[in-house]
Amino acid sequence: MPATTDPRGGPWCEDVPLPGLDLEPRSTSSGPSANSRPYSATLPPTPEAIAAFWAKVVRAPGDGHWLFTGAVSGVDGYGRLSWREGGVSRTESAHRFALLLDGIDLAGVVAEHRCNEPLCVRVDPDHLIPSTQAANLNYAVACGRTGIIRTSLRRQDRHARSLAVRNAVSGGWDPIAYSAASGNTAPLDTPSLF
Ligand SMILES: [Zn+2]
């Protein structure tokens, strides 16, 4: 037993305020919230984030896809990027980031891939459009679902496919490698069937 034990310092009185002391609740100085990183869902894209985004975009010629070749989310298989400013960070899917750069307010907006290519970031009626009219999709988002992927198997499939597509074109546009990786062997002028 230590010789200098303070009778008031034992564990039995740790949380008992001494008379005259106005102790603050312990939860204000510790706990999970103290270590969480400040996050803002409305942080505007920084010039650095915009430059990093475009540096990762590989453009097929003509009316083709613009493919994001940066990070791919293991959660949903979409391209993903994070940025920060002033100690605040934000993460968005690459295609939603593209809509942001197009001046679109993402609040309540569902990004719709008309071209059936999850990594495509080309804001264009034939590729990627903001959709605000599908109330059922908005409802699904509000409920924490994307409304598009309903099973984990499909998520995994899209993740694997996205990695293959990214790797196929990360060195530059390569139509043969893209067709093999994407599973899309149809001629480029054939509309997607789904
Ligand atoms: Zn596209």
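Reader: Which protein atoms are the donors of the zinc ion?

Author: They are ND1 of H65, SG of C115, SG of C120 and ND1 of H127, at 2.1 to 2.3 Å from the zinc ion. Donors here are N, O and S atoms within 2.8 Å of the metal (3.2 Å for Na, K and Ca), and water is not among the atoms, so sites may look incomplete. This is a predicted model, where local features need pLDDT of at least 70, side-chain atom pairs count only at pLDDT 80 or more, and totals for chains, interfaces and linings use all residues. Residues are numbered from 1 along each chain as its sequence is written, and side-chain values use heavy atoms, with hydrogens and water left out.

Reader: What is the geometry of the zinc site?

Author: The site is tetrahedral, with angles of 105 to 115 degrees among the 4 donor atoms. Four donors count as tetrahedral if all angles lie between 85 and 135 degrees.

Reader: And what spacing do the donors follow along the chain?

Author: The spacing is H-x49-C-x4-C-x6-H.

Reader: Are C115 and C120 buried or exposed?

Author: Both C115 and C120 are buried. Buried means under 20% relative accessible area, exposed over 50%, and partly exposed in between (1.4 Å probe, protein chains only).

Reader: N116 comes right up in that stretch. What is its phi?

Author: N116 has a positive phi of about 60 degrees, although it is not a glycine. Most residues other than glycine have a negative phi. N116 lies in the loop between β5 (110–113) and β6 (128–131); strands (E, at least two residues) and helices (H or I, at least four) are DSSP runs, numbered from the N terminus. N116 is partly exposed, with a relative accessible area of 32%.

Reader: New topic: how many aromatic pairs are there?

Author: The count is 6. Rings of Phe, Tyr and Trp (its six-membered ring) pair if their centres lie within 6.5 Å; planes under 30 degrees apart count as stacked, over 60 as edge-to-face and the rest as tilted. F53 and W54 are edge-to-face, because their centres are 4.9 Å apart and their planes are at 70 degrees.

Reader: Why is the pair of W54 and W66 edge-to-face?

Author: Because their planes are at 75 degrees, with the centres 6.2 Å apart. W54 lies in helix α1 (residues 47–55) and W66 in strand β2 (residues 66–68), so the pair ties together parts that are 12 residues apart in sequence.

Reader: Which residue lies over the face of W66?

Author: R59 does, at 4.1 Å from the ring centre. A charge sits over a ring if NZ of Lys or CZ of Arg is within 6 Å of the ring centre and within 35 degrees of the ring normal.

Conventions:
Four donors count as tetrahedral if all angles lie between 85 and 135 degrees; four count as square planar and six as octahedral if opposite donors are over 155 degrees apart and all others between 65 and 115; anything else is irregular.
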